[in-house]
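Visitor: Please take me through this model one question at a time, with the cut-offs explained as we go.

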Amino acid sequence: KKVQSGLKSHFGLVKLCYSLNFLLNGAGYHSESKAKEYKHVCKRACQKAVDRLRAGAMALEAVTAALIELEDSPFTNAGTGSNLNLCGDIECDASIMDGKSLNYGAVGALTGIKNPILVARRLLNEAQKGKLSYIGSFFLFVSFLVGIGAQQWALGHGIPACPSEKMATKFSLSAYRRNKRKMEQAEKLETVEIMVGHEEPMSASLDTVGAIVVDQEGNVAAAVSSGGLAMKHPRRVGQAAHYGCGCWAENARDARPYSTAVSTSGCGEHLMRTMLARECSTAMQTEDAHQALLEAMQNKFIGSPFLASEDGVLGGVIVLRCCRCGEDQSSDNFQALLVEFLWSHTTESMCVGYMSTHDSKARTHISRLPPGAVAGQSLAIEGGVCRLGVTD
């Protein structure tokens, strides 16, 4: 089913889920000429995660493997190929969440590290080990670091440095120079905003990346990574690093019948002000997953009172939820997991991919708004359901 949606965006998104998996690549605008490249990136990331799952890895390891592949692609706005900021530097955001422990790790405005997701993952790992940082007379868990502090912590924990110039690509450098010229013209000509208002948005690499995964034990995990907005102000931190905004993962427990994993992409300020990842996770505890996501996107995002002054609300989300199937759901010997995966976006398009350990190859799809729909004012929503066997 599809619902209208609006405003052209240069933001992107990639998401995925395995063994109970599914992946998605970018809420924004995807030209037909580059569709093959976007889909190929999704397929490779799916395969990396599925390989880990087949080897017995947990969801957290699989989602990290997918993100590394996506960050390493020059076609995505994460890691290598990230947008350059006003000063011509690359600063990345990333976060990861484990649905079993509910631990979370994130980095913001991180420079000089090829794979930001590795730093976020290491922060999460340290929290799971119970390691603490001493601050004054208090002991605190460290889960979110930014800027030079994040870089120093990464280097101190064995994650190698990578100069920003090695992370830039011909495309990202060309886009930076083009955008720089536009900004310089704007300083000289007060009416330039009106003149360029009908042109394409600032040139930028699409596809902030993210992934959602469920493993053979039914644990879920989610992650997201981004190079941020083109020409952003130095040290700006987007939704990809913020708790409850970029990703969310939570196993079923107590009054929660479903395990859920969510990852988002789009205009960071819109996603942060609505905490869309956590809102979608909460909404998915009702019986009808499709209706729940539709209402969450309409009421908590497009129609959010926190975004009432916005002409268009731009974003995309990928959601996975699962529950045990079988006569005795309290038993560890259940026969299968019922997995539902959905994606929705208010941008013109979203490239998605998905794969399970039972599949020989990943499936990919570029979801687009219905003809005549206005981006930022309406939405598209699609998805599917599968039943996956689980070993005792």
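**Questions at the model**

Visitor: Which residue does UniProt list for "active site"?

Guide: The listing comes from an unreviewed entry. UniProt positions are given in the numbering used here, feature names are shortened, and annotations may be inferred rather than shown by experiment. With that caution, the residue listed for "active site" is T208.

Visitor: Good to know. What kind of model is this, and which atoms do side-chain values use?

Guide: This is a predicted model, in which local features need pLDDT of at least 70 and side-chain atom pairs count only at pLDDT 80 or more, while totals for chains, interfaces and linings use all residues. Residues are numbered from 1 along each chain as its sequence is written, and side-chain values leave out hydrogens and water and use heavy atoms.

Visitor: Back to T208, then: is it buried or exposed?

Guide: T208 sits in the loop between α7 (192-196) and β8 (209-214); helices (H or I, at least four residues) and strands (E, at least two) are DSSP runs, numbered from the N terminus. Relative accessible area under 20% means buried, over 50% exposed, and in between partly exposed (1.4 Å probe, protein chains only). The relative accessible area of T208 is 7%, so T208 is buried.

Visitor: Which residue shares a side-chain polar contact with T208?

Guide: A polar contact is a pair of N or O atoms within 3.5 Å; within protein, one must be able to donate a hydrogen and the other to accept it, and residues adjacent in sequence count only if both atoms are side-chain atoms. For T208 the distance is 3.1 Å, and the side chain at the other end belongs to S226.

Visitor: R236 caught my eye too. Which side chain makes a polar contact with the side chain of R236?

Guide: R236 is in the loop between β9 (220-226) and β10 (247-250), and its 15% relative accessibility makes it buried. Contact means heavy atoms within 4.5 Å, and beyond residues up to four places away in sequence, R236 touches E91, D93, A109, G228, L229, G268 and E269. The polar contact, at 2.7 Å, is with E269.

Visitor: Let's turn to helix packing. Are α2 and α3 roughly parallel or antiparallel?

Guide: Helix α2 covers residues 59-72 and helix α3 residues 116-129, and their axes come within 9 Å and cross at roughly 160°. Axes are lines fitted to C-alpha atoms, for helices over the stretch in contact, and angles run from 0 to 180 degrees between N-to-C directions. Angles under 35 degrees count as roughly parallel, over 145 as roughly antiparallel, 65 to 115 as roughly perpendicular and the rest as oblique. The pair is therefore roughly antiparallel.

Visitor: By class, how many nonpolar residues does the contact of α2 with α3 have?

Guide: From α2 come L60, E61, T64, L67, I68 and E71, and from α3 come P116, I117, L118, R121, L124, N125 and Q128. Ala, Val, Leu, Ile, Met, Phe, Trp, Tyr, Cys and Pro count as nonpolar, Asp, Glu, Lys and Arg as charged, and the others, Gly among them, as polar. Three residues are polar and three charged, and the nonpolar ones number seven.

Visitor: What is the orientation of α3 to α4?

Guide: Helix α4 spans residues 147-156, and its axis lies 10 Å from that of α3, at an angle of about 70°. That makes the two helices roughly perpendicular.

Visitor: How many charged residues does the contact of α3 with α4 have?

Guide: On the α3 side are V119, R122, L123 and E126, and on the α4 side A150, W153 and A154. By class there are five nonpolar residues and no polar ones, and the charged residues number two.

Visitor: Where is L102 found, and what is its phi?

Guide: Most residues other than glycine have a negative phi. L102 is in the loop between β3 (92-98) and β4 (104-110) and is partly exposed, at 32% relative accessible area. Its phi is positive, near 65°.

Visitor: And what is the phi of M275?

Guide: M275 lies in the loop between α8 (268-274) and α9 (276-283), and at 34% relative accessibility it counts as partly exposed. Though not a glycine, M275 has a positive phi of about 45°.

Visitor: One last question: how far apart in space are S360 and Q47?

Guide: S360 is in the loop between β14 (349-354) and β15 (363-368) and is exposed, at 70% relative accessibility. Leaving aside neighbours within four places in sequence, S360 is in contact with Q47 and M355. S360 and Q47 are 313 residues apart in sequence, and from C-alpha to C-alpha their distance in space is 9.2 Å.
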